[in-house]
Amino acid sequence: MSVLVVGISHNSAPVSMLEAASVDADGLQKLLTDVAGCEHVSEATVISTCNRLEIYTEVERFHGSVEDLSRRIIEGAGQTLETMLPHLYVHYDDGAVSHLFKVVAGLDSMAVGEGQILGQARAALQLGQEAGTVGPALNSLFQQALRVGKRSRAETDIDRAAPSLVTASLGRAVRAVGDVRGKRVAIVGAGAMAGLATATVSRMEAADVVVVNRTTANADRLANEYAARSASLDQLADEIAAADIVITCAGASGVLVPAEMVGDRSGHPVALIDLALPHDIDPAAGSLRGVTLIDLAALADELHASPAGREVLAVRDIVTQEVAAFLSARRQSAVTPTVVALRSMATGIVGAEMERLDGKLPELDEATRDEVLRTVRRVADKLLHEPTVRVKELANESGAVSYAAALAELFALDPEAVASVTRAEVSTTATSAASPPTHEGGSA
């Protein structure tokens with residue numbers, strides 16, 4: 001059994017496709033039910049936000065499961081296979097663990113380090129628990145991911161990375177067009193990064209702030225929060241023409257602001273700040289007169305040397321450590337049923353031999369019998385010590401499952417004995433998983 005993730009996010013798809021893939025509460029329940037009913041899926045849950053839809057499963061088979069999960073996302077979005085499949089991504093087993101830890105730590109968010117994803121991951125875990133589709137594997141994975149997210153924010157200032165990105169870009173814009181105070185600012189997008197940008201320029205007393213977005217309801221929501229204006233995407237050219245500073249963070253697939261939309265600005269200089277991946281603004285716009293283009297590539301060196309950049313690197317180190325520790329523990333736990341079955345077999349052999357001794361030497365006094373029993377047990381323990389220690393050590397290397405299988409084969413262990421230990425462990429963990437996690441901060 002292995003963890004499989006199939007998803008779509010702001011890193012892989014345009015805003016229009018993310019909007020098509022998004023699901024409401026009823027749609028989320030239906031998606032989870034459909035996924036849990038797939039042939040090779042034993043556990044399932046879904047992370048659903050405005051910027052991502054990810055299905056997490058424990059599966060028996062990779063091939064077949066990928067097709068099933070992909071089809072459910074594509075059909076739910078009302079898209080064709082050819083249109084949407086290139087924008088889906090797949091993470092499997094170790095890669096799935098690494099991906100979830102990065103997501104919950106905030107490294108995969110549009111606004112790096114944002115804390116809302118903690119609550120969203122917690123909500124996904126609770127969703128699966130309440131539906132009965134989360135078992136020991138996903139419960140363990142998500143609980144550890146939540147701990148990683150909390151550790152990342154407790155030991156670093158990762159939540160300051162995105163605001164630092166906005167501040168650094170505006171600092172460059174000020175050098176090009178002057179103080180933000182009194183300027184006209186257009187912000188393209190309505191996600192977390194756009195929210196940070198809107199809050200920052202409002203605080204810096206921009207004279208006019210407009211939020212431009214494909215979905216006008218989202219633009220209205222963000223604009224109302226900061227006493228700004230809102231505009232639809234078909235008004236973008238007019239808003240850019242009037243703006244002194246343009247900040248784009250939509251992350252659309254394809255250029256939203258072509259060079260010809262900007263035009264010659266020698267009479268009215270403009271600073272274009274592109275904080276999106278992939279970029280929203282045609283790089284050719286930077287060569288136009290009166291135009292200063294500031295993008296992530298231009299900010300990279302400055303940010304890497306900044307406190308915010310160092311925080312991102314620190315969180316990446318934490319995630320790397322936690323992934324390695326989780327995978328090591330998981331591999332060792334995979335061999336535990338075999339080790340337990342082996343020791344149980346040895347205990348049974350010792351018991352059988354003592355019964356045989358009792359039959360042959362019924363007159364043996366109790367003290368002598370106890371000494372013989374202790375001796376036989378010590379011999380069995382010493383014979384088994386090295387193989388069981390080594391198989392746990394080897395569990396950290398590739399091919400851990402085959403080492404457990406080899407141990408079972410060499411000692412002719414009853415497969416049912418190993419399976420019964422596994423079932424007992426799963427039953428114990430599942431009981432724990434059925435209890436909803438404690439809600440500690442974050443927003444669902």
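Three exercises with worked solutions follow, on a helix, a nonpolar core and a cavity.

The model is predicted, so local features need pLDDT of at least 70, side-chain atom pairs count only at pLDDT 80 or more, and totals for chains, interfaces and linings use all residues. Residues are numbered from 1 along each chain as its sequence is written, and side-chain values use heavy atoms, with hydrogens and water left out.

**Exercise 1.** Compare the expected span of helix 6 with the distance between its end C-alpha atoms.

Solution.
- Helices are DSSP runs of H or I, at least four residues, and strands are runs of E, at least two, numbered from the N terminus.
- The expected span is 1.5 Å times one less than the number of residues.
- Helix 6 (residues 116-131) has 16 residues, so it should span 22 Å; the end C-alpha atoms are 23 Å apart, which agrees.
- Just after helix 6, Gly 132 has a positive phi of about 75 degrees.

**Exercise 2.** Find which element gives the most residues to the largest nonpolar core.

Solution.
- A nonpolar core joins buried (under 20% relative accessible area, 1.4 Å probe, protein chains only) Ala, Val, Leu, Ile, Met, Phe, Trp, Tyr and Cys residues through side-chain atoms within 4.5 Å.
- The largest has 32 residues, with Val 201, Ile 245, Ile 247 and Leu 275 making the most contacts inside it.
- Helix 8 gives the most, seven residues.

**Exercise 3.** State the volume of the largest cavity.

Solution.
- A cavity is a set of points on a 1 Å grid over the protein atoms alone where a 1.4 Å probe fits but cannot get out.
- Points are joined across faces, edges and corners, and the volume is the space filled by probe spheres set on them.
- The volume is about 60 Å³.

Technical notes: On a 1 Å grid over the protein atoms alone, a cavity is a set of points where a 1.4 Å probe fits but cannot get out, and a pocket is an open set with protein on both sides within 12 Å along at least five of seven lines; lining residues have an atom within 4 Å of a point. Buried means under 20% relative accessible area, exposed over 50%, partly exposed in between (1.4 Å probe, protein chains only).
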